[in-house]
Amino acid sequence: MSDEVLVRADGRVGYITLNRPEAKNAITVELSHGLAAGVRELEPEVDVLVVRGAGGTFCAGGDVAQLDALRAKGRVDLATMFTAFRDARAAIAQAEVPVVAVVEGHAVAGGFELACSCDIVLAAESATFADIHSRFGQIPGGGGTQLLSRLVGRARASALVLTGDALTARQAQEWGLVYEVAEDVDAALASLIKRLSRGSRAARAQSKRLLRGGLELPLDDALDLELEAVLDHILGDAGAAAVDAFSNRKDSA
């Protein structure tokens, strides 16, 4: 495991910390490898994964010094920066548990793409989100041109990517990129973890798979995928307990 990523479990919650505070947690090949490994190591043992940046900043994007060094070596070496980050994003997508990004300070460029790759984003009031690649004559390389339009639609994605404009935490929430904005992110995180830990881990895993997989399919095909998953679940080992729990529920938030 890379020292650039800290990994720990506290009971059934896994914590992954991007640990380059002196560089505002800028993404290197090593950090991406550490993030992917941390997700895959913790995921089987926990119910929730939390990704956070050290030092009060989530992530300031790719490490420019490493990018330039890899660029000097040629196309194959340069590609490793982007493929390693893509693998980290894939690990988050494939994890059976919810992955929560806790964003404080800046989530820009690759850091913005990383936040958008997580299942749920919890942001501090002062957090800022932006894809700043265009400001410096660059092209997003961490999924931004493909992922963002699926989250907020083509028009908004085009505006963010092509202008490099920044969003406040509240604006990002209004656009659907952030689930919750809080003054006290630790208290909000504790409450969110409690809510995410209720019920069946297997059911949450299936719901996450359907939410992500359905985006890639026509609606009718996605609905067929959901139907098969629901039937499998209810007819499976957990089905009776799930139906009983729902029948005897006390409606509450």
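These are my notebook entries on a predicted model, going from the whole chain to one strand.

**Overall form.** I began with the secondary structure, which for this protein comes to eleven helices and nine strands. I then looked up the radius of gyration, which is 19 Å and close to the 18 Å that the globule rule gives for 253 residues, so I note the protein as being as compact as a globular protein of that length. Taken along the principal axes, the C-alpha atoms fill a box of roughly 60 × 40 × 35 Å.

**Burial, contacts and surface.** I find that 43% of the 253 residues count as buried. Looking at contacts with a separation of 6 or more, I see that 68% of them are made by residues 24 or more positions apart. For the accessible surface I have about 13400 Å², with 54% of that belonging to carbon and sulfur atoms. I also looked up the charged side chains, of which 26 are positive and 35 negative, the centres of the two sets lying 2 Å apart.

**Strand β4.** I turned next to β4, residues 99-103, where five of the five residues are buried. Side chains in a regular strand alternate between the two faces of the sheet. In β4 I see Val-99, Ala-101 and Val-103 pointing one way and Val-100 and Val-102 the other, all of them buried.

**Partners of β4.** Which strands pair with β4? Strand β3, residues 48-53, runs parallel to β4 and is joined to it by four bridges, and I note Val-51 opposite Ala-101 of β4. Strand β6, residues 120-124, also pairs with β4 in the parallel sense over four bridges, and here I find Val-100 opposite Ile-120 of β6.

How values were computed. Residues numbered from 1 in each chain as written. Predicted model: local features only at pLDDT ≥ 70, side-chain atom pairs only at ≥ 80, totals over all residues. Heavy atoms only, no water. Helix = DSSP H or I, 4+ residues; strand = E, 2+ residues; numbered from the N terminus. Rg over C-alpha atoms; globule rule 2.2 N^0.38 Å. Buried < 20%, exposed > 50% of the residue type's maximum accessible area, 1.4 Å probe, protein only. Contact = heavy atoms within 4.5 Å. Areas by Shrake-Rupley, 256 points an atom, 1.4 Å probe, with all protein chains shown as cover. Lys, Arg positive; Asp, Glu negative; His and termini not counted. Charge placed at Lys NZ, Arg CZ, Asp CG, Glu CD. Pairing = 2+ DSSP bridges.
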